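Okay, thanks everyone, I'll keep this short. Have a look at the screen and I'll walk you through what's there.

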Amino acid sequence: EKQGEFPGECMSKTLKINGTDFTKTFTPSGYTVAYIKRLGSNGGQMKDGSYSEDVLALKAKITATCMPLTDNAQSELLQAILQTQYPTLYYFDPKEGDYKYIETMAELGEQKYRGLGSDQKEYWTGLVITFEER
């Protein structure tokens, strides 16, 4: 989904894992995108006191917080992520200004069993997933 032109029109940005749309699984405020510099060995402190970086690549790091999830919803999400060693992520890259696919390494945070909700379904909360581009 696209973001509106004016404040207040923002909709959730699409997030797909291995081709399956999990946008509604994550909080409405969306996900965060950061960029990590992968450095080589040729940077460092120079004789004149300046510092030089040997940047080999700039890789995306996407962090997404889950909504409270039922047993089935959480299981579906975890299976999608863990079905392959390097899950494919489809997300909006602010640097590129468009959606793109990347191969990632996923880190799963802790999940807490919360018990029955007001709808008499059992829920898990607290899951934060970090995808780091390979």
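**A walk through the chain**

The chain exposes about 8700 Å², and carbon and sulfur atoms supply 48% of that. Before I go on, please keep in mind that this is a predicted model.

So, the overall picture. Of the 134 residues of the chain, 30% count as buried. If you box up the C-alpha atoms along the principal axes, you get roughly 65 × 35 × 25 Å. In terms of secondary structure, there's 1 helix and there are 12 strands. Reading from the N terminus, the order goes β-β-β-β-β-β-β-α-β-β-β-β-β. The radius of gyration is 18 Å, and the globule rule gives 14 Å for 134 residues, so the chain is more spread out than a compact globule. As for contacts with a separation of 6 or more, 58% of them are between residues 24 or more positions apart.

Now the sheet. In what order do the 7 strands of the open sheet come? It's β2-β1-β8-β9-β12-β6-β3, and the pairing is antiparallel. At the edges you find β2, residues 20–21, and β3; each has a single partner strand, so one side of each has no neighbour in the sheet. The helix, α1, packs on this sheet and touches β1 (16–17), β3, β6, β9 and β12. The direction of α1 makes about 100° with that of β9.

As a reminder for anyone who doesn't do this every day, strands of a sheet pair through backbone hydrogen bonds. Let's look at a few of the pairs here. β3 and β6 are antiparallel and pair over 10 bridges; one residue to click on is A34, whose bridge partner in β6 is K61. On to β6 and β12: these two also run antiparallel, with 5 bridges joining them. In that pair, I62 stands opposite F131 in β12, and T63 has T130 of β12 as its bridge partner.

Next, the core. Which residues touch the most other members of the largest nonpolar core? They are I17, F26 and L77, out of 23 residues in that core. Several elements each supply at least two residues to this core: β3 (26–39), β6 (55–66), α1 (71–82), β8 (88–93), β9 (98–108) and β12 (128–133).

Let me zoom in on I17. Setting aside neighbours within four places in sequence, I17 is in contact with F22, F26, L77, A80, I81, P87, T88, L89 and F131. You've met F131 already, as the residue of β12 that I62 stands opposite. And L77, of course, is one of the residues that touch the most other core members.

L77 turns up again if we go to T25, which sits in the loop between β2 and β3. Is T25 buried or exposed? The relative accessibility is 15%, so T25 counts as buried, the cut-off being under 20%. Beyond four places in sequence, the contacts of T25 are C66, M67, L69 and L77.

L69 gives us a way over to Q111, in the loop between β9 and β10. Q111 and L69 are 42 residues apart along the chain, and their C-alpha atoms are separated by 9.8 Å. Q111 is partly exposed, at 30% relative accessibility. Not counting residues up to four places away in sequence, Q111 touches Q74, L78, W124, T125 and L127.

W124 takes us to the hairpin. Here β10 (112–116) and β11 (122–125) run antiparallel, joined by 4 bridges, and W124 in β11 is the bridge partner of Y113. There are 5 residues between the strands of this hairpin, and Q120 takes a positive phi near 65° there. Why does that catch the eye? Because most residues other than glycine have a negative phi. Q120 is also exposed, with a relative accessible area of 57%.

There's another one of these to show you. N18 isn't a glycine either, and has a positive phi of about 50°. You'll find N18 in the loop between β1 and β2. At 23% relative accessibility, N18 counts as partly exposed, whereas Q120 is exposed.

That's my tour, so over to you for questions.

Note on methods:
Residues numbered from 1 in each chain as written. Predicted model: local features only at pLDDT ≥ 70, side-chain atom pairs only at ≥ 80, totals over all residues. Heavy atoms only, no water. Core = buried A, V, L, I, M, F, W, Y, C linked by side-chain atoms within 4.5 Å. Buried < 20%, exposed > 50% of the residue type's maximum accessible area, 1.4 Å probe, protein only. Contact = heavy atoms within 4.5 Å. Pairing = 2+ DSSP bridges. Axes fitted to C-alpha atoms, helices over the stretch in contact; angles between N-to-C directions. Rg over C-alpha atoms; globule rule 2.2 N^0.38 Å. Areas by Shrake-Rupley, 256 points an atom, 1.4 Å probe, with all protein chains shown as cover.
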